[in-house]
There are 2 protein chains.
Amino acid sequence: MARKTGRATITSVAEYAGVSRQTVSNFLHTPEMVASETRQRVEEAIAALDYRPHLAARSMRTDRSQAIAVRITSAPEGVSGLALERFTHALCAAARAENYHLIVFVADSDEEEIATYKDLLATLNLDGVVVVATHRYDQRIGWLTERGIPFVAFGRSWSPAPEHSWVDVDGSAGTYAATRHLLDAGHRKIAFFGWDDSAGVGDDRESGWRRALAESPAAEFISLNRADTIENGAAMADQLADEHPDVTAAVCVSDSIAVGAARRNLETGRSLALVGFDDTAAALALGISSVVQPLEEAAGHCFRLLHQQLTDRVGARHQRMLLEPNLNVRS
Amino acid sequence: MARKTGRATITSVAEYAGVSRQTVSNFLHTPEMVASETRQRVEEAIAALDYRPHLAARSMRTDRSQAIAVRITSAPEGVSGLALERFTHALCAAARAENYHLIVFVADSDEEEIATYKDLLATLNLDGVVVVATHRYDQRIGWLTERGIPFVAFGRSWSPAPEHSWVDVDGSAGTYAATRHLLDAGHRKIAFFGWDDSAGVGDDRESGWRRALAESPAAEFISLNRADTIENGAAMADQLADEHPDVTAAVCVSDSIAVGAARRNLETGRSLALVGFDDTAAALALGISSVVQPLEEAAGHCFRLLHQQLTDRVGARHQRMLLEPNLNVRS
């Protein structure tokens with residue numbers, strides 16, 4: 001990890017790899033658009049030349065703002081909408097402990113978020129960014145990487161991306177624990193209530209349920225999927241009761257879904273056992289067991305990794321941390 | 001409102017009022033410590049000389065950061081802990097629309113918050129502040145007023161304070177509407193579940209229940225008070241069932257309390273009618289009616305009033321806005 005700091009540039013990386021400067025830029029920006037063979041050559045060139053866009057960009061800067069930025073969700077509502085708030089608050093506290101200020105902003109798209117980065121870099125001389133709610137073909141990672149802006153992502157990359165530091169919570173481990181808990185309680189037929197648009201996070205959560213169930217003999221994989229609302233949780237509970245009356249439990253991709261299903265229990269006298277995800281106040285109110293993300297811990301690690309980049313510590317780049325969630329069991 | 005901008009200083013105000021400079025500072029800082037007669041003289045001097053600390057301080061500043069700051073709660077948890085988040089998010093969106101950045105910070109006391117103001121003013125040349133969660137003997141108002149830092153409070157002053165702009169929600173009107181709703185539904189004996197430390201906001205919410213009940217013949221005022229937890233809501237419901245079994249409804253000072261009481265309904269089969277406060281996801285999950293604060297509207301007004309101060313619009317100072325809450329009725 002203690003290699004000499006190189007003076008590589010995008011141009012020298014392009015020359016080494018035998019590709020155009022634009023291709024290197026494409027690699028940093030939209031790696032999914034670069035053929036995998038070309039991607040490998042650029043990756044090798046970056047490694048060989050020890051290309052560090054962070055250092056290159058930082059050397060041009062004259063002073064520090066002691067300010068970092070993070071997006072907050074633009075319209076927090078519903079049950080799970082505010083789970084990320086715990087992350088933001090903990091990030092704020094971690095930043096404060098090192099005399100950094102936290103700037104929050106709202107943005108409805110990657111493009112809008114990048115426009116905000118530009119603005120914050122120009123007007124407040126922002127030091128770095130914590131990227132939240134990563135998704136497939138995330139444009140932010142490439143944009144920040146190419147410009148050498150120090151950043152850490154909360155959320156792994158769900159599609160090819162330039163190597164970068166991230167912290168994430170192992171959702172699959174969470175639903176695995178939830179399913180094991182239900183199996184241990186004697187349930188044999190356990191459904192999964194998931195999202196209809198489940199790429200990335202939703203697939204990850206479903207995989208833990210599938211993995212735990214596969215360990216049980218003669219497992220049957222019943223998975224229903226809809227958008228993330230309380231109403232849809234209720235509808236899935238009704239559909240399950242109609243189509244699979246022998247199923248006695250369901251692992252839910254979110255507390256919103258779990259709350260909707262729990263309300264149908266109350267209204268109909270059914271007793272479908274449920275586990276939610278995110279351990280929100282609504283799950284607490286209804287006494288539903290739920291998977292707890294260690295958001296405070298994640299925020300602490302995000303800030304620590306960013307701070308390492310900002311203070312040039314050895315080995316600061318490209319760390320990955322996957323944290324284990326817990327299960328909050330309620331009776 | 002279109003008076004000439006004066007050049008009054010703390011010294012000229014002190015001379016005019018015939019008091020010491022320290023007394024004027026005390027008035028701005030800790031008005032509750034200044035005898036009411038003296039307070040009146042200082043107020044008259046400020047009015048006569050058109051003393052405007054905001055303008056005085058601002059003229060010394062050379063540039064703008066386009067950044068404002070607001071505190072976020074340091075440990076959001078439980079049911080109502082995140083209600084203020086809706087305010088922060090809306091404030092962020094309102095600021096963004098005028099190209100202002102929002103800096104958030106955590107602080108556990110007025111002293112710590114003031115230290116953060118100092119830091120932000122020094123390092124980021126902060127333009128202004130939105131003060132949230134005002135309380136009795138709030139030190140922030142005086143500190144900001146004396147230094148002429150543009151600010152707007154979300155929350156009225158619950159003890160004597162220098163005149164300043166604030167936006168608040170009429171909690172009393174909210175519990176009045178809640179109690180009227182229960183009366184209209186045929187309930188005659190309606191208790192109040194309040195906070196044990198109810199100075200300010202808690203008293204305000206109790207007063208609306210009291211006012212509505214007083215309009216009903218032979219009203220009986222049964223009020224229980226404990227700290228703001230779900231467990232205490234459950235305990236109050238049990239105490240009420242024991243001591244006043246004829247009471248059929250309760251207006252609750254918060255959703256936390258209402259959720260605890262609602263859970264006892266589910267567990268015991270009792271049917272105490274409940275109305276909560278803040279319309280949280282937990283109230284939604286349990287189907288409890290709740291008073292809704294217009295937090296987005298409040299945030300919009302806070303930013304607008306602050307922006308007026310920052311842009312020197314006529315009549316920008318010392319506006320007060322008390323907004324009406326709504327009742328979200330659930331069956």
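Let me start at one spot on the helix side of chain B: once neighbours within four places in sequence are set aside, B:L284 is in contact with A:I230, A:R263 and B:R330, where contact means heavy atoms within 4.5 Å. Before going further, please keep in mind that this is a predicted model, where local features need pLDDT of at least 70, side-chain atom pairs count only at pLDDT 80 or more, and totals for chains, interfaces and linings use all residues. Residues are numbered from 1 along each chain as its sequence is written, chains are lettered from A and ligands numbered from 1 in the order in which they are written, and side-chain values use heavy atoms, with hydrogens and water left out.

Back to our leucine. B:L284 sits in helix α12 of chain B; helices here are DSSP runs of H or I with at least four residues, strands are runs of E with at least two, and both are numbered from the N terminus. With a relative accessible area of 29%, B:L284 is partly exposed. On that scale, buried means under 20% relative accessible area, exposed means over 50%, and partly exposed lies in between, using a 1.4 Å probe and protein chains only. B:L284 and B:N328 are 44 residues apart in sequence, yet 9.7 Å apart in space, C-alpha to C-alpha.

How are the two chains related? A rotation of 180° with 0.0 Å of shift along its axis superposes chain B on chain A, with an RMSD of 0.0 Å; the fit is by least squares on the C-alpha atoms of residues with pLDDT of at least 70 in both copies. That is the relation of a two-fold axis. The same surface serves both copies, as 100% of the contact residues of chain B recur in chain A.

Now a quick overview of chain A. Its secondary structure comes to 13 helices and 12 strands. Of the 331 residues in chain A, 57% are buried. Among contacts in chain A with a separation of 6 or more, 68% are between residues 24 or more positions apart.

For a close-up in chain A, take A:V42, which has its place in helix α3, residues 36–49. A:V42 counts as buried, because its relative accessibility is 0%. Not counting residues up to four places away in sequence, A:V42 touches A:V13, A:A17, A:V19, A:V24 and A:F27. With A:F27, the separation is 15 residues in sequence and 7.5 Å in space, C-alpha to C-alpha.

Let's return to chain B and look at strand β9, residues 273–277. Why is β9(B) said to be largely enclosed by the rest of the structure? Because 5 of the 5 residues of β9(B) are buried. In a regular strand, side chains alternate between the two faces of the sheet. In β9(B), both faces are covered: B:A273, B:V275 and B:F277 are buried on one side, and B:L274 and B:G276 on the other.

What lies beside β9(B)? Strand β8, residues 249–252, runs parallel to β9(B) and is joined to it by 3 bridges; two strands pair if DSSP finds at least two bridges between them. B:A250 stands opposite B:L274 in β9(B). Another 3 bridges join β9(B) to strand β10, residues 289–292, and these strands also run parallel. There, B:G276 has B:S290 in β10(B) as its bridge partner. The chain crosses from β9(B) to β10(B) through helix α12, residues 281–286, in a right-handed β-α-β crossover. Right-handed means that, with the strands pointing away from the viewer, the path from the first strand over the helix to the second runs clockwise.

A second group of strands in chain B deserves a look. Strand β4, residues 151–154, is covered on both faces: B:F151 and B:A153 on one side and B:V152 and B:F154 on the other are all buried. Strand β3, residues 128–132, runs parallel to β4(B), with 4 bridges between them. β3(B), helix α7 (residues 139–146) and β4(B) make a right-handed β-α-β unit. Then 2 bridges join β4(B) to β5(B), again parallel, and B:A153 is the bridge partner of B:W166 in β5(B).

My last stop is B:D168, found in strand β5, residues 166–169. Is B:D168 buried or exposed? B:D168 is buried, with a relative accessible area of 9%. Setting aside neighbours within four places in sequence, its contacts include B:F154, B:W158 and B:M321.
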